[in-house]
Amino acid sequence: MKAQRWMWIAWPAFLVAAVLEMIVFAMVDPGDLHWFGSPLDLSRQAIYTLAFFVFWGVTMASSALTTLLSMSPFEVNRCPVPEAERPQDCARNGGCC
């Protein structure tokens with residue numbers, strides 16, 4: 001299930017990062033970019049690559065937040081300890097109040 005959830009996050013983020021890369025660099029020349037007032041001493045391919053990974057990271061964070069917020073209360077509150085091994089004062093022992 002974790003591998004499936006990981007793909008729910010990574011694959012859409014990859015696609016959106018690719019689209020962002022095309023849109024941004026259709027309008028911005030990597031040679032014109034400056035960092036704190038000085039020009040970047042990187043090749044165009046390096047700038048394209050770094051920008052893609054930045055876009056991918058930001059969109060992965062967005063997808064991860066969406067996946068987290070879409071989890072059911074059961075998934076969020078699920079106790080990883082088997083029911084027989086839980087301490088008596090555990091609120092998830094099935095006892096009321």
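How much space lies in the largest pocket? About 260 Å³. Keep in mind that this is a predicted model.

## The largest pocket

Let's see who lines it. The helix α2 (44-69) gives the largest share of the lining, five residues. It has company: α1 (2-27) and β1 each put in at least two residues as well.

In chemical terms, the lining of the largest pocket is 11 nonpolar residues plus one polar, with no charged ones. The lining residues include Val24, Phe25, Leu33, His34 and Trp35, and also Leu40, Leu42 and Ile47. Leu50, Ala51, Val54 and Phe55 are on the list too.

## Aromatic pairs

Searching the whole structure turns up eight aromatic pairs. Take Phe52 and Phe53: their ring centres sit 5.6 Å apart with the planes at 75 degrees, so this one is edge-to-face. Planes over 60 degrees apart earn that label.

The two partners don't share a burial class. Phe52 has a relative accessible area of 15%, so it counts as buried, while Phe53, at 48%, is partly exposed. Both belong to a cluster that ring pairs build from Trp11, Phe14, Phe52, Phe53 and Trp56.

## Phe36 in its loop

Now for the stretch between the strands. Phe36 sits in the loop that runs between β1 (34-35) and β2 (38-39). Its phi is near 55 degrees, which is a positive value in a residue that isn't glycine.

Is Phe36 buried or exposed? Exposed, because its relative accessibility comes to 78%, and the cut-off for that class is over 50%.

How values were computed. Residues are numbered from 1 along each chain as its sequence is written. This is a predicted model: local features need pLDDT of at least 70, side-chain atom pairs count only at pLDDT 80 or more; totals for chains, interfaces and linings use all residues. Side-chain values use heavy atoms; hydrogens and water are left out. Helices (H or I, at least four residues) and strands (E, at least two) are DSSP runs, numbered from the N terminus. Buried means under 20% relative accessible area, exposed over 50%, partly exposed in between (1.4 Å probe, protein chains only). Rings of Phe, Tyr and Trp (its six-membered ring) pair if their centres lie within 6.5 Å; planes under 30 degrees apart count as stacked, over 60 as edge-to-face and the rest as tilted. On a 1 Å grid over the protein atoms alone, a cavity is a set of points where a 1.4 Å probe fits but cannot get out, and a pocket is an open set with protein on both sides within 12 Å along at least five of seven lines; lining residues have an atom within 4 Å of a point. Grid points are joined across faces, edges and corners, and a volume is the space filled by probe spheres set on the points. Ala, Val, Leu, Ile, Met, Phe, Trp, Tyr, Cys and Pro count as nonpolar, Asp, Glu, Lys and Arg as charged, and the others, Gly among them, as polar.
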